[in-house]
Amino acid sequence: MLARHNQSKALQWLGKQLFNREDPAAFFDPLLERINPMWVQEYTPARVEQVLQETSDTRTFVLKPARRWQGFEAGQHVNICVEVDGTRRNRTFSLSSSPILWQKQGLITLTIKRLPGGRVTNWLHDHLDVGSVLGLGEAFGDFTVPEPAAPVLFIAGGSGITPVLSQLETMAAQDYRAPVTLLYYVRTSEDVIAREKLEALTARHPALTLTIIATHDGTAPRYLSDADLGTVPGLNARQVFLCGPKGLMDLAGELLQSRGVRERDIHCTFFSVPQANIEDQPLGGQVRFAQSDLEVGSEGDANLLEIAEAAGLTPRYGCRMGICHQCSCRKTSGTVINRLTGQKSGPGEENVQLCISVPQGPVSIDV
Ligand code: FES
């Protein structure tokens with residue numbers, strides 16, 4: 001077993017072994033199988049071809065997945081799997097490249113911001129280099145552009161630009177005919193991700209209008225306002241796509257609705273999945289983790305994943321937002337409330353997503 005400080009070298013060595021192979025899976029699968037046979041079924045190996053520094057805390061990783069990977073639609077997400085300090089970690093990221101790059105060159109990109117305290121994002125920035133290999137799940141999600149073409153407004157914040165980059169590139173390549181506006185909010189002008197690409201897309205695609213707003217460049221913060229929405233022609237006929245931090249998305253949702261944009265025309269991605277108001281219900285209870293032979297009490301709206309982790313367990317998870325289903329487990333008894341929909345489960349056996357299930361009374365889980 002290699003010492004931890006050699007982990008990044010090991011990844012590069014592995015990458016070199018794959019370098020001249022047509023299909024990295026042919027080499028990588030047997031290795032994965034020795035670590036965990038499930039990985040082979042769940043993940044496709046993808047090799048890092050290039051690392052681009054976008055801003056001081058954001059990098060784009062250009063990846064070459066093995067051929068069996070099924071591809072994606074612009075705006076979709078993927079789970080990735082890496083081993084951090086001996087523990088397998090899964091996370092969900094949006095693809096930032098267009099499917100055309102995948103179709104023509106077999107490449108995809110993930111643009112990832114280093115999050116303060118983020119175990120995986122920091123590890124990726126510190127260890128993932130050209131030649132490294134990670135596990136890649138199949139793409140999922142419905143944050144995809146309308147077909148046939150309809151007027152679109154994107155409101156993106158910070159690294160929430162990533163699925164929008166994929167969509168804009170695809171729209172430009174398809175000569176998308178309806179008007180497209182992007183309002184992109186960043187903290188300072190240094191934090192603009194892919195500025196050159198965005199400006200090139202705007203120059204190439206006349207239907208696209210780009211406005212970049214730095215919220216903290218001036219003496220007073222300058223957030224999304226009703227006046228910003230007033231600059232968007234035909235706002236109420238647009239399909240609106242929101243992707244960014246929760247504060248921005250909540251504000252955008254309120255302002256759009258006060259301008260009469262219909263809820264069904266507003267689409268959110270996993271950065272900002274809306275949550276139901278469940279605080280007025282009795283929440284919490286005794287949770288039994290049957291496989292671990294452990295029972296703990298919970299209070300308030302803590303979800304099963306948080307309760308398990310607080311008890312020292314390490315169940316599998318990805319997005320922690322109810323999107324990727326990686327935390328799905330068997331509930332053998334008890335009632336849980338779905339944090340996203342507010343709906344109550346039945347009392348009996350069923351699969352639940354740990355990260356969005358809040359116990360209501362005693363619950364038993366196969367963890
Ligand atoms: S971790 Fe993704 S759905 Fe729970």
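This report describes two sheets, a pair of helices and an aromatic pair in a predicted model.

**The antiparallel sheet and its helix**

One open sheet is built from 6 strands in the order β4-β3-β6-β1-β2-β5, and the pairing in it is antiparallel. At its edges stand β4 (87-94) and β5 (108-113), each of which has a single partner strand, so one side of each is left without a neighbour in the sheet. On average, and with direction ignored, neighbouring strands of this sheet are turned by 40° against each other. Within the sheet, strand β1 (residues 44-55) runs antiparallel to β6 and is joined to β6 by 4 bridges; proline 45 has glycine 135 of β6 as its bridge partner. Helix α5 (residues 119-127) packs on the sheet, where the helix touches β2 (58-65), β3 (77-84), β4 and β5, and the direction of α5 makes about 75° with that of β3.

**The mixed sheet**

A further open sheet consists of 5 strands in the order β13-β12-β16-β14-β15, with mixed pairing. Its edge strands, β13 (294-299) and β15 (350-353), each pair on one side only, and from one strand to the next the twist averages 40°. Strand β14 (residues 328-338) and strand β16 (residues 357-365) run antiparallel and are joined by 6 bridges, with asparagine 338 standing opposite serine 357 in β16.

The two antiparallel strand pairs described above are set out here.

| Strand pair | Bridges |
|---|---|
| β1 (residues 44-55) and β6 | 4 bridges |
| β14 (residues 328-338) and β16 (residues 357-365) | 6 bridges |

**The helix pair**

Helix α6 (residues 162-173) packs against helix α7 (residues 195-204) at an angle of about 25°, and their axes are 10 Å apart. Since angles under 35 degrees count as roughly parallel, α6 and α7 are therefore roughly parallel to each other, and their crossing is left-handed. On the α6 side the contact is made by Leu165, Leu168, Glu169, Ala172 and Ala173, while α7 contributes Lys197, Leu198, Leu201 and Arg204. Sorted by class, this contact has 6 nonpolar and 3 charged residues, and no polar ones.

**An aromatic pair**

The structure holds 4 aromatic pairs. In one of them, the ring centres of phenylalanine 143 and phenylalanine 241 are 5.3 Å apart and the ring planes stand at 85°, so the pair is edge-to-face. Phenylalanine 143 lies in the loop between β6 (133-136) and β7 (152-157), whereas phenylalanine 241 lies in strand β10 (residues 239-243), so the pair ties together parts that are 98 residues apart in sequence.

How values were computed:
Residues are numbered from 1 along each chain as its sequence is written. This is a predicted model: local features need pLDDT of at least 70, side-chain atom pairs count only at pLDDT 80 or more; totals for chains, interfaces and linings use all residues. Side-chain values use heavy atoms; hydrogens and water are left out. Axes are lines fitted to C-alpha atoms, for helices over the stretch in contact, and angles run from 0 to 180 degrees between N-to-C directions. Helices (H or I, at least four residues) and strands (E, at least two) are DSSP runs, numbered from the N terminus. Angles under 35 degrees count as roughly parallel, over 145 as roughly antiparallel, 65 to 115 as roughly perpendicular and the rest as oblique. A crossing is left-handed if the near helix is turned anticlockwise from the far one by less than a right angle, and right-handed if clockwise. Contact means heavy atoms within 4.5 Å. Ala, Val, Leu, Ile, Met, Phe, Trp, Tyr, Cys and Pro count as nonpolar, Asp, Glu, Lys and Arg as charged, and the others, Gly among them, as polar. Two strands pair if DSSP finds at least two bridges between them. Rings of Phe, Tyr and Trp (its six-membered ring) pair if their centres lie within 6.5 Å; planes under 30 degrees apart count as stacked, over 60 as edge-to-face and the rest as tilted.
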